[in-house]
Amino acid sequence: ESLSVSNNRQGVLFAYTTNSRINNVTAIANKDGISLYYCLDCIVSDNEATDNMYHGIALTHSSNCYLSDNELIYNTDAIYMSYSSNCFVSGNKAIYNDCGIRLDYSSSNTISHNNFIDNIQQVCTQGSPINVWDIGYPEGGNYWNDYTGVDLFSGPHQNESGSDGIGEIPYAIDEDNQDNYPLTGAFSSYNVTWAITTYHISIISNSTLSDFDFGERYNGLQRTISFNVTGKDETIGFCRVTIPTDLMNYPYEVRVNEATVNATVLQCSNTTHAYIYFTYDYSSNLVEIVPELPSSLLLTLFVVVTTMAVVLMSARKRRERH
């Protein structure tokens with residue numbers, strides 16, 4: 001944890017280990033950034049692997065490992081998996097690599113919610129026919145910046161009216177592999193802790209996101225999600241936000257630069273998660289999402305605030321008399 005390693009054969013090498021974790025490591029200009037060899041049940045998360053000669057992260061003869069939230073830039077292979085199986089690869093950013101992810105004789109892995117951006121080849125496969133590239137609808141698959149499909153419809157068969165942040169046609173990888181639900185915007189995930197419970201909020205967007213925050217208003221009666229979105233002028237931005245209903249139940253009000261915008265609660269929303277979709281004009285905007293307060297609660301708040309103002313004014317007059 002929390003190491004910076006460079007100019008090695010392997011920046012970090014784990015061999016024949018079980019239940020190990022590699023976290024918050026920066027591996028730059030090694031031959032391999034982070035390597036796992038014959039490992040089981042390991043977690044590789046929140047690391048940065050940049051400008052490594054061969055692989056950013058390499059798994060060889062490893063299984064049941066979890067690769068998440070790693071940033072992999074300017075490597076030959078961002079992620080390399082050889083004779084590895086039953087691993088979960090999620091939330092990683094593979095940018096400007098020769099290959100975003102290479103699979104050699106690796107099968108039964110789940111690869112979803114990753115961002116593959118401007119790699120010379122997004123995926124390289126050999127002898128790896130059985131891998132899963134999405135986790136179904138509505139969660140979807142990966143973001144591929146070379147995807148040319150459109151998003152005009154929604155639903156598990158993409159035949160319902162309205163957009164949902166998922167493309168209409170699958171993203172073809174090779175003759176045996178495809179992403180059935182490719183995302184039309186980059187995937188981001190945020191952890192929010194409320195009343196000692198941690199919740200996960202995810203956003204699919206064609207905007208650059210920054211300054212994500214979760215807070216409260218009206219002395220905790222109304223919770224608020226906020227973040228900034230930026231993009232090119234004179235274009236249309238979109239967000240699809242997934243919110244746990246135990247954290248914030250719908251209906252919601254969505255404001256962009258303090259103006260309320262139309263937001264659609266997608267039909268796939270259920271008792272545990274709400275999926276909301278909305279659009280806006282660029283270039284730079286502040287987005288706020290709040291639950292709509294019931295009119296009875298608004299009246300109560302008005303009465304409370306008014307009463308407090310009267311009490312404070314009366315107290316001030318009494319002090320002035322004395």
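A residue counts as buried here when its relative accessible area is under 20%, as exposed when that value is over 50%, and as partly exposed in between. Keep that in mind for the views that follow, which come from a predicted model.

**View 1. Two tryptophans, Trp133 and Trp144, pair up.**
Both of these residues are buried. So how are their rings arranged, and how far is it from centre to centre? The pair is tilted, with 50° between the planes and 6.1 Å between the centres. Trp133 sits in the loop between β17 (121–126) and β18 (143–144), while Trp144 belongs to strand β18 itself, so the pair ties together parts that are 11 residues apart in sequence. Now look around the two rings: ring pairs link Phe116, Trp133, Trp144, Tyr147 and Tyr171 into a cluster. Across the structure there are 17 aromatic pairs.

**View 2. Asn70 sits in a loop and is buried.**
You'll find Asn70 between β9 (66–68) and β10 (71–73). Its relative accessible area is 1%, and the cut-off for buried is under 20%, so Asn70 counts as buried. What does the side chain of Asn70 reach at 3.0 Å? That would be the backbone nitrogen of Asn47. Another backbone nitrogen, that of Asp46, lies 3.3 Å from a polar atom of the Asn70 side chain. Leaving aside residues up to four places away in sequence, Asn70 touches Val44, Ser45, Asp46, Asn47, Ile57, Gly91, Asn92 and Lys93.

**View 3. Thr18 comes close in space to Cys42, at 6.2 Å from C-alpha to C-alpha.**
Along the chain, Thr18 and Cys42 are 24 residues apart. Thr18 is in the loop between β2 (10–15) and β3 (21–23). Is Thr18 buried, partly exposed or exposed? With a relative accessible area of 45%, Thr18 falls between the 20% and 50% cut-offs, so it is partly exposed.

**View 4. Strand β14 pairs with β11 and with β17.**
Strand β14 covers residues 99–104, and five of its six residues are buried. Start with β11 (residues 77–82): this strand and β14 pair in the parallel sense over five bridges. If you'd like one bridge to look for, find Met81, whose partner in β14 is Leu103. Then turn to β17, which runs parallel to β14 and is joined to it by five bridges. Here, a bridge to pick out is the one from Ile101 to its partner Val123 in β17.

**View 5. Strands β23 and β24 form a hairpin.**
How do β23 (residues 186–194) and β24 pair, parallel or antiparallel? The answer is antiparallel, over nine bridges. One of the residues to spot is Thr193, whose bridge partner in β24 is Thr198. The hairpin has two residues between the strands, and Ala195 takes a positive phi near 50° there.

**View 6. The largest pocket holds about 1000 Å³ of space.**
This pocket is lined by 37 residues. Which of them lie nearest its centre? Those are Lys93, Asn115, Phe187, Ser188 and Ser189. Strand β23, which you met in the hairpin view, gives the largest share of the pocket lining, with six residues. Lys93 should ring a bell too: Asn70 touches it in View 2.

**View 7. One cavity of 30 Å³ or more turns up in the structure.**
About 40 Å³ of space lies in the largest cavity. Its lining is made up of His113, Glu139, Phe187, Ser202, Ile203, Ile204, Arg240 and Thr242. Which strands each supply at least two residues of this lining? They are β24 (197–205) and β27 (236–244). The largest share, three residues, comes from β24. Notice Phe187, which lines this cavity and is also listed among the residues nearest the centre of the largest pocket.

**View 8. The whole chain has one helix and 32 strands.**
Step back from the close-ups for a moment. Of the 322 residues in the protein chain, 48% are buried. Take the contacts with a separation of 6 or more: residues 24 or more positions apart account for 40% of them.

Conventions. Residues are numbered from 1 along each chain as its sequence is written. This is a predicted model: local features need pLDDT of at least 70, side-chain atom pairs count only at pLDDT 80 or more; totals for chains, interfaces and linings use all residues. Side-chain values use heavy atoms; hydrogens and water are left out. Helices (H or I, at least four residues) and strands (E, at least two) are DSSP runs, numbered from the N terminus. Buried means under 20% relative accessible area, exposed over 50%, partly exposed in between (1.4 Å probe, protein chains only). A polar contact is a pair of N or O atoms within 3.5 Å; within protein, one must be able to donate a hydrogen and the other to accept it, and residues adjacent in sequence count only if both atoms are side-chain atoms. Contact means heavy atoms within 4.5 Å. Rings of Phe, Tyr and Trp (its six-membered ring) pair if their centres lie within 6.5 Å; planes under 30 degrees apart count as stacked, over 60 as edge-to-face and the rest as tilted. Two strands pair if DSSP finds at least two bridges between them. On a 1 Å grid over the protein atoms alone, a cavity is a set of points where a 1.4 Å probe fits but cannot get out, and a pocket is an open set with protein on both sides within 12 Å along at least five of seven lines; lining residues have an atom within 4 Å of a point. Grid points are joined across faces, edges and corners, and a volume is the space filled by probe spheres set on the points.
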